[in-house]
Amino acid sequence: MLKLDRINKIFNEGTPDEKIALDNINLRLAPGDFVTIIGSNGAGKSTMMNMISGALMPDFGSVTIDSNDVTRLPEYKRAHFIGRVFQDPMAGTAPAMTIEENLAIAYSRNQKRGLRFGVDKKRRDFFRTSLERLHLNLENRLTAKVGLLSGGERQALSLLMATFTKPSILLLDEHTAALDPSRADLITKLTKELVEADNLTTLMVTHNMQQALDLGNRLIMMDKGQIILEVSEDKKPGLTIPDLMTEFEHIRGEKMNSDRALLG
Ligand SMILES: Nc1ncnc2c1ncn2[C@@H]1O[C@H](COP(=O)(O)OP(=O)(O)OP(=O)(O)O)[C@@H](O)[C@H]1O
């Protein structure tokens, strides 16, 4: 479903600001895998997501999605494979457009051929049924401007737009981090429901270690551009935050800087 082979990325190579952001990353996701990603600031988590989405190209290595080598494919050509939700609730939706116009754009972005922005009755019914899954009554506000929605509602809509066309890979990049705790809980719950309903293959970056343990069937920990720990499906249940911190200390020989992780 997703294969990352020997991915390397160096920013500002050969200059005093040189930074090895990804150092020989190898990762395999089987269909339906839901992998949570934790790691310190600057570990390379967002850079890895950007490699998969096509926002960045690796210096070396390959990205394969559904048996297609997409390594050199620009972001817009990968769009029908990928759904992505960012940290900023304002990032995923267009505020001046209505809910149904936003959904229509997301729908057309994921079609392999042509641009089909139109909203006919069949499409509108599909949008309504999809919105019902959010339990936010947005199905009765199809013509409301998205700019009028709360941050939590907008993030729920972004999540729906990223998932309702059943992308091959769903990328969630700290998508609950900018929300207050009750809205973050709502989005976490919706994420679980939407991913499970369609068995979506998912990668989720989070600074919240408890969320990383609660969601998904696998977990990886990154540090300094490397995947330093992979927790398999059979080992993840029962794993605790202290277990993860002990693992980090064991691998790196130093204590984990965990303030943000624990507060996350
Ligand atoms: N466009 C860029 N130019 C130069 N350096 C970059 C660029 N993007 C990222 N970096 C550097 O690459 C490293 C990895 O960054 P990245 O954003 O992937 O980390 P992260 O794990 O997502 O961190 P955070 O949790 O803080 O968001 C960092 O040292 C960062 O400063």
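In the hairpin formed by β4 and β5, two residues lie between the strands, and D66 there takes a positive phi near 50°. The model described here is a predicted one, and this hairpin belongs to an open sheet of four strands, in which the order is β2-β1-β4-β5 and the pairing is antiparallel. Its edge strands are β2 and β5, each of which pairs on one side only. Within the hairpin, β4 and strand β5, the latter covering residues 68-69, run antiparallel and are joined by two bridges, and I65 has N68 of β5 as its bridge partner.

On the other side of the pairing described for β4, strand β4 (residues 60-65) is joined to β1 by five bridges, again with the two strands running antiparallel. Two of the facing positions can be named: L4 stands opposite V63 in β4, and K3 stands opposite T64 in β4. Strand β1, which comprises residues 2-11, also contains R6, a residue other than glycine whose phi is positive, near 50°. Most residues other than glycine have a negative phi. R6 counts as partly exposed because 13 C-beta neighbours lie inside 10 Å, where a residue would need 20 or more to be buried and 12 or fewer to be exposed.

A positive phi is also found at H135, again a residue other than glycine, with a value near 55°. This residue is located in the loop between α4 (121-132) and α5 (151-163). H135 has 13 other C-beta atoms within 10 Å and is therefore partly exposed.

The second sheet to be described is an open sheet of six strands with mixed pairing, and the order of its strands is β6-β7-β8-β3-β9-β10. Its edges are formed by β6 (82-85) and β10 (226-231), each of which pairs on one side only. From one strand to the next, the twist averages 20°. Helix α1 packs on this sheet, where it touches β3, β6, β7 (169-173), β8 (202-205) and β9, and the direction of the helix makes about 150° with that of β7. Inside the sheet, strand β3, made up of residues 34-39, pairs with strand β9, made up of residues 218-223, in the parallel sense and over five bridges. In this pairing, I37 has I220 of β9 as its bridge partner.

Helix α1 also takes part in the surroundings of the ligand. The residues that surround the ligand are F11, N12, K19, A21, G39, N41, G42, A43, G44, K45, S46 and T47. When this shell is divided by class, three of its residues are nonpolar, seven are polar and two are charged. At least two residues of the shell are supplied by each of β2 (19-29) and α1 (45-53), and α1 gives the most, with three residues.

The loop between β1 and β2 holds G14. This glycine counts as exposed, because 7 C-beta neighbours lie inside 10 Å, a number that falls within the limit of 12 or fewer set for exposed residues. The C-alpha atoms of G14 and L142 lie 52 Å apart in space, while the two residues are 128 residues apart in sequence.

Taken as a whole, the protein has nine helices and ten strands. Along the principal axes of the protein, the C-alpha trace spans about 60 × 40 × 35 Å. For a protein of 264 residues, a compact globule would have a radius of gyration near 18 Å, and the 19 Å found for the protein agrees with this. Of the 264 residues in the protein, 39% are buried. Among contacts with a separation of 6 or more, 67% are accounted for by residues 24 or more positions apart.

Notes:
Residues numbered from 1 in each chain as written. Predicted model: local features only at pLDDT ≥ 70, side-chain atom pairs only at ≥ 80, totals over all residues. Rg over C-alpha atoms; globule rule 2.2 N^0.38 Å. Contact = placed C-beta atoms within 7 Å. Near = placed C-beta within 6 Å. Nonpolar A, V, L, I, M, F, W, Y, C, P; charged D, E, K, R; others polar. Pairing = 2+ DSSP bridges. Axes fitted to C-alpha atoms, helices over the stretch in contact; angles between N-to-C directions.
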